[in-house]
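Reader: I'd like a close look at one helix in this model, along with what its side chains are doing and how it ties in with the rest. Could you walk me through that part?

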Amino acid sequence: MHGQESEAYNGYKCGTHIWFDDDGNIKDEHTSLPITTYMHAQESDTYIGHRCGSGSHILFDDDGNIKDKCTLQSITTHMHTRESEAYIDHRAEETSGDTSLSEICGVGNGMSPRLQKKKKRSRLRRLSSIDKDEEPLKKLILPGMVGEMSTDITKYWYQRYQLFSRFDEGIKLDEEGWFSVTPEIIAKHHAARCGTGTIIDCFTGVGGNAIHFSEKCQHVIAIDIDPKKIVYAQHNARIYGVADNIDFIVGDFFELAPSLKADVVFLSPPWGGPDYLKVESFDIQEMLRPKDGFSLFKAAQMIASNIVMFLPRNVNMDQLVEMSRLSSRPFAVEIEKNYVNGRLKAITAYFGDISLPTGIWHA
């Protein structure tokens, strides 16, 4: 905040600070240096305050009341945990519609979007250059997370409303779910493309696709080998009011496949984590989990004549064409590029009658 000299305390001139009493009333004015706000997590006492050069603080109790005061100096916004004595700068640029950590603390960073981008790039370079031997902060909890997650999840947390528009109603994701769930707008598009019959989501994860399939299809079967993911998928489906429309199964898709029949099989297998972007071409024969893409496709062929695969944006396109020829009667194939906000997010391949001539979709 910064006001004109003629305005009464709309803001504070650089070089001065105001002392407040416990009720928030101005007590005195002292010369000091510019400040910023930080959030400090401590085992016995969590508080928000301003640290000065001597290491003293304005302390707050759990109800937000001031416990102590001092002369203040400049510091940047940080989250600090005692576990590793490391700091993470959270001045990253926010995705449109999201709430930043600085907003959660009740302060704005006052930076232009251009400067925010520059700061974000600088922060990412610093984090990437940290020596592993120094053991930097590895875990953190952000609002809405069900537990501690690695710091790599932060960028996905900024995109939480793209993943689930009803995130604030209690959506649950495990760490893998944060970087593997289909963005909601793409999941809705998949549902619109897959018809109204029976569909099997073979690697449902935390339920992002299954939720929207249930809004279009008569019968949805959601499978995952991880019981925890199925629990989260059921919970998330209840938030969207569609839990009763989905049959959730804990099991190995490859073991279940011979006993399944459907109109459409949807395959969104694990991509091996965020590292898939480090390669120029994603090899579905070597990099997909739990088995290679060709084995997945053969298993899906036993279930339905229409197969949909959701894959990384850098997938090897030639392999998809090769896959369509595995059957004695080659499948028609449509390779669709999925764009969100002008950025290529992923590739969806449609095999069978479900395929269309067009191959680009924008949201």
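Author: Sure, let's start at the end of the helix and work back. Just after helix α6 comes Gly 195, and its phi is positive, near 85 degrees. Keep in mind that this is a predicted model. The chain has an average pLDDT of 74, with 63% of the residues scoring at least 70. Residues 1–15 fall below 50 in pLDDT, though that stretch still makes 19 contacts in the model beyond near neighbours in sequence. Residues 130–134 also stay under 50, and there the model has two contacts beyond four places in sequence.

Now to the helix itself. α6 runs over residues 184–193 and is mostly covered, with seven of its 10 residues buried. The buried ones are Glu 184, Ile 186, Ala 187, His 189, His 190, Ala 191 and Arg 193. So that list holds Glu 184 and Arg 193, and Glu 184 counts as buried because its relative accessible area is 7%, under the 20% cut-off.

What about Ile 185? This residue sits in α6 too, but it counts as partly exposed because its relative accessibility is 41%. Its C-alpha is 8.1 Å from that of Leu 163, a residue 22 places away in sequence.

Next, the charged side chains. Glu 184 and Lys 188 meet in a salt bridge, at 3.9 Å from N to O. Why can those two pair up along the helix? They are four residues apart in α6, so about one helical turn separates them. The two ends of this bridge sit in different surroundings: Glu 184 is buried at 7% relative accessible area, whereas Lys 188 is partly exposed at 43%.

Then there's Arg 193, which forms a salt bridge with Glu 334, the closest N and O atoms being 2.7 Å apart. Arg 193 belongs to α6 and Glu 334 to strand β16 (residues 333–340), so this pair ties together parts that lie 141 residues apart in sequence. Both Arg 193 and Glu 334 are buried.

How many salt bridges does the model have? The count comes to seven. Salt bridges with shared partners also link Asp 174, Glu 176, Asp 226 and Lys 229 into one network. Another pair is Arg 166 with Glu 169, where the closest N and O atoms are 3.0 Å apart. Arg 166 is partly exposed, at 29% relative accessibility, and Glu 169 is partly exposed as well, with a relative accessible area of 48%.

For a bit of context elsewhere in the chain, take a helix pair. Helix α10 (residues 293–301) and helix α11 (residues 317–324) have axes that come within 11 Å and cross at roughly 35 degrees. The crossing of α10 past α11 is right-handed. On the α10 side, Gly 293, Phe 294 and Phe 297 make the contact, and they meet Gln 319, Glu 322 and Met 323 of α11. Sorted by type, the residues of this contact are three nonpolar, two polar and one charged.

Back to your helix, then: α6 is mostly covered, carries the Glu 184 and Lys 188 bridge, and reaches β16 through Arg 193 and Glu 334.

Technical notes:
Residues numbered from 1 in each chain as written. Predicted model: local features only at pLDDT ≥ 70, side-chain atom pairs only at ≥ 80, totals over all residues. Heavy atoms only, no water. Axes fitted to C-alpha atoms, helices over the stretch in contact; angles between N-to-C directions. Left-handed = near helix turned anticlockwise from the far one by under 90°. Contact = heavy atoms within 4.5 Å. Nonpolar A, V, L, I, M, F, W, Y, C, P; charged D, E, K, R; others polar. pLDDT = per-residue confidence, 0-100. Buried < 20%, exposed > 50% of the residue type's maximum accessible area, 1.4 Å probe, protein only. Salt bridge = Lys/Arg side-chain N within 4 Å of Asp/Glu carboxyl O.
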